[in-house]
Amino acid sequence: MTKCINFTAIRDRCLSLSFRSAGLKSTITTLHGGDTSIHCWIPKTQNPSKPNLILIHGIGANSKWQWDPIISRVTRAFNVYVPDLLFYGESYTSRPERTEEFQGECVMRTLEGVGLRGKFNLVGLSYGGFVGYSMAVRFPEAVERVVIVGSGVSLDVEMDLEDGLFCSKNIKDAANVLLAQTPEMAKELLRIAFYKAPNTNFVPSCLIRDYIHVNLNPLFYF
């Protein structure tokens, strides 16, 4: 079978260069006695005159793909930290926890591990908004301001599923779509997420499969 050129991997490397050009460096922090590893972009040099800013990405891609459009601008005004949430990029855990509270705890321990001290501002996008909200509740002494973008943090997921707000029958079915593991499920996610969904009929499955492989850690289990 003919293989596609892995354009996703090429693009991912270009995004890494973009983050490095913005003054960030890549780090891995190990937690829970080696059970958990969190990848995080942090400042090459901490500037004490700048406030600290945490950018937490959402579902669909690792942090670079979601924050690259603004990264060169925000690093001019802030000491910027950009973690990959668990099961994205190089972040993973062998522990059974799957909640946004656990994600938030891992992000907080990572920030402490890389030497962040004092208060910080936080922006959470989509699922990252849930994680950021949980961090603000749990660590009020550290979180100064929170911006939540496109997150239904006030929703009751189980109740709303029962009321038919979502097209999925249960949380596991929703997770199978949101964390698409196959090209078919990725196309279904685009169909649901967009008011006018892009036409993916002519996109080769190998390209979508490469995108999933680069962005979603294969160690994820429901």
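Helices here are DSSP runs of H or I with at least four residues, numbered from the N terminus, and by that count I place Ser134 in helix 4. I am working from a predicted model, and I keep that in mind throughout these entries.

**Entry: the whole chain**

I began with the overall inventory, which gives eight helices and seven strands for the protein. Of its 222 residues, buried ones make up 42%. For the surface I noted about 12,300 Å² exposed, with carbon and sulfur atoms supplying 57% of that area. I also looked at how far contacts reach along the sequence: among those between residues at least 6 apart, 68% join residues at least 24 apart.

**Entry: Ser134 and Val131 in helix 4**

I returned to Ser134 and asked whether it is buried or exposed. Its relative accessible area is 11%, and because the buried class covers values under 20%, Ser134 counts as buried. The side chain of Ser134 reaches the backbone oxygen of Val131 at 2.7 Å. Setting aside residues up to four places away in sequence, I find Ser134 touching Glu100, Glu101 and Gly104.

Val131 is likewise found in helix 4, and at 0% relative accessibility it counts as buried. With neighbours within four places left out, the contacts of Val131 are Ile56, Leu85, Glu100, Gln103 and Gly104. I also noted a C-alpha separation of 8.7 Å between Val131 and Thr99, which lie 32 residues apart along the chain.

**Entry: the nonpolar cores**

Next I looked up which residues of the largest nonpolar core touch the most other members. The core has 19 residues, and the ones I wrote down are Ile54, Ile56, Tyr81, Leu85, Leu111, Phe120 and Met135. Two or more residues of this core come from each of strand 2 (36-43), strand 3 (52-56), helix 3 (100-113), strand 6 (120-125) and helix 4. A second core, separate from this one, has 12 residues, among them Leu55, Ile71, Val74 and Val82.

I then followed Leu111 by itself: beyond the residues up to four places away in sequence, it touches Ile54, Tyr81, Leu116, Phe120 and Met135.

**Entry: a nonpolar patch on the surface**

On the surface I found a nonpolar patch formed by Tyr133, Val137, Val146 and Ile148, which together have about 340 Å² of accessible area. Helix 4 (127-138) and strand 7 (143-149) each supply at least two of the patch residues. I checked Ile148 separately; it is found in strand 7 and, at 33% relative accessibility, counts as partly exposed.

**Entry: salt bridges**

How many salt bridges does a search of the whole structure find? It finds five, and I took notes on some of them.

Glu112 pairs with Arg109, the closest N and O atoms being 3.0 Å apart. Because these two residues are three apart in helix 3, about one helical turn separates them. Glu112 is partly exposed at 35% relative accessible area, and Arg109 is partly exposed at 30%.

Glu97 forms a salt bridge with Arg95, with 3.3 Å between the closest N and O atoms. Glu97 counts as partly exposed at 27% relative accessibility, and for Arg95 I noted 27% and partly exposed as well.

Arg145 forms a salt bridge with Glu144, where the closest N and O atoms are 3.6 Å apart. Here Arg145 counts as exposed at 54% relative accessibility, whereas Glu144 is partly exposed at 46%.

Conventions: Residues numbered from 1 in each chain as written. Predicted model: local features only at pLDDT ≥ 70, side-chain atom pairs only at ≥ 80, totals over all residues. Heavy atoms only, no water. Patch = residues over 30% accessible without salt bridge, like charges linked within 9 Å, V, L, I, M, F, W, Y side chains within 5 Å. Areas by Shrake-Rupley, 256 points an atom, 1.4 Å probe, with all protein chains shown as cover. Salt bridge = Lys/Arg side-chain N within 4 Å of Asp/Glu carboxyl O. Buried < 20%, exposed > 50% of the residue type's maximum accessible area, 1.4 Å probe, protein only. Core = buried A, V, L, I, M, F, W, Y, C linked by side-chain atoms within 4.5 Å. Contact = heavy atoms within 4.5 Å. Polar contact = N/O pair within 3.5 Å; in protein donor to acceptor, adjacent residues only side chain to side chain.
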